[in-house]
Amino acid sequence: MDILQKLQNAERISRDDAFRLYELDLFTLGAFAFKERLKRHKKKVFFNINRHINPTNICADVCKFCAFSAHRKNPNPYKMTHDEILKIVDDSVKIGVKEVHIVSAHNIDDGWEWYLEIFKKIKDKHPQIHIKALTAAEVDFIARSCGFSYENVIEKMLEYGVDSMPGGGAEIFDEEIRAKICKGKVSSANWLKIHELWHKNGRQSNATMLFGHIESRENRIDHMLRIRDLQDITGGFNAFIPLVYQRENNYLKEAKFLGSAEILKTIAISRLVLDNIPHIKAYWATSTLNLAMIAQEFGADDLDGTIQKESIQSAAGASSANGTSLRAFCDIIKSSGFTPVERDSLYNELKIY
Ligand code: V47
């Protein structure tokens, strides 16, 4: 059947169909993705008031795309103490932050306790704050370093107060590309396994995809379909987050330049392919706020949050180091004809601005 007919009938998109979607012109594709977005979320643009915290950049792994970890091109290793982290959380709570998003480089110098005890300390002091923490890559790293099973690590995460898991560490699932850009890191099968176990504990998470480096369109579609297959089983993913590759200060130089049209097509296709995932996040730290707003007309419905401080993407050239103000966020959403909706971490609506 003709792909346009399939889109009209809102039928599930197959692998071959998804590839054909890339061949449509941007505006035809965008119109279908926008229609789907309007059906689900009307003109709401979701965001939360959050704070990103990256406790250390000293990493046992060497991912070629990463400019955040301390290495020859970024020779400034740091590791925060729990008191320093708690002070950041205290200050964040005072200005209305409701979620802390805590992701670390892979560092086992002080044992697994260093990763997990901070969550308990945060919860003891601020029981209302949502802790989104530990990527599946960190879970895998802790498990391998300490001889734990994934189930053991997840039990501890639940015990120590992690509320939801971020979507990082997924990169691109295709094994050949993965071996070239992040050899030695969690395998694709294990990334999916960890999220499956987390979901089976009744918890929610997100899924990312790093694109715009050496991957092909087929690799992106394959990545989306592996996530869709797991979501059919568990239903635990809240949002899909396509992360646009930032190219500065790292070791992945063969990456070709990706234009805005290809970014928007990829976001639109993710909205149409991932028919079982409620939200598509245009993460403004990697796409710029302006393009993230345009993405709202191509299938996205979420912008992540005000962030406050961002270290991973900004190390690689993104202009997100100091987050954005709530005012700037709401202004740009409204002036683009959308409705700013503050949400909590699990997408309950808190306030319409
Ligand atoms: O997995 C690293 C990416 C991710 C670069 O779950 C880069 O709500 C672009 O996962 N260019 C971590 N990206 C961040 C992440 C995330 C962000 C926002 C929201 C959520 C969520 C999750 O950052 C890593 C990696 O794919 N990354 N280096 C780079 N040069």
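**Strands, loops and a charged patch**

In this predicted model, strands E2 and E3 pair in the parallel sense over four bridges.

Reader: What makes E2 and E3 count as paired strands?

Author: Two strands pair if at least two bridges are found between them, and E2 and E3 have four bridges, so they count as a pair. Within this pairing, Val-100 of E3 is the bridge partner of Arg-51.

Reader: Which residues cover the two faces of strand E3?

Author: On one side of strand E3, which spans residues 99–102, Glu-99 and His-101 are buried, and on the other side Val-100 and Ile-102 are buried, so to speak of both faces as covered is to describe these four residues.

Reader: Why is Lys-73 called partly exposed?

Author: Lys-73 has a relative accessibility of 39%, and because partly exposed is the range between under 20% for buried and over 50% for exposed, Lys-73 belongs there. Lys-73 is placed in the loop between strand E2 (50–53) and helix H4 (82–94), and it gathers with Arg-72, Arg-247 and Lys-253 in a patch of positive charge on the surface.

Reader: Why is Leu-134 called buried?

Author: The relative accessibility of Leu-134 is 1%, and since buried means under 20%, Leu-134 is therefore buried. Leu-134 sits in the loop between strand E4 (130–133) and helix H6 (136–146).

Reader: What is notable about the phi of Leu-134?

Author: Leu-134 is not a glycine, although its phi is positive, at about 70°. Most residues other than glycine have a negative phi.

Note on methods: Residues numbered from 1 in each chain as written. Predicted model: local features only at pLDDT ≥ 70, side-chain atom pairs only at ≥ 80, totals over all residues. Heavy atoms only, no water. Patch = residues over 30% accessible without salt bridge, like charges linked within 9 Å, V, L, I, M, F, W, Y side chains within 5 Å. Areas by Shrake-Rupley, 256 points an atom, 1.4 Å probe, with all protein chains shown as cover. Salt bridge = Lys/Arg side-chain N within 4 Å of Asp/Glu carboxyl O. Lys, Arg positive; Asp, Glu negative; His and termini not counted. Charge placed at Lys NZ, Arg CZ, Asp CG, Glu CD. Buried < 20%, exposed > 50% of the residue type's maximum accessible area, 1.4 Å probe, protein only.
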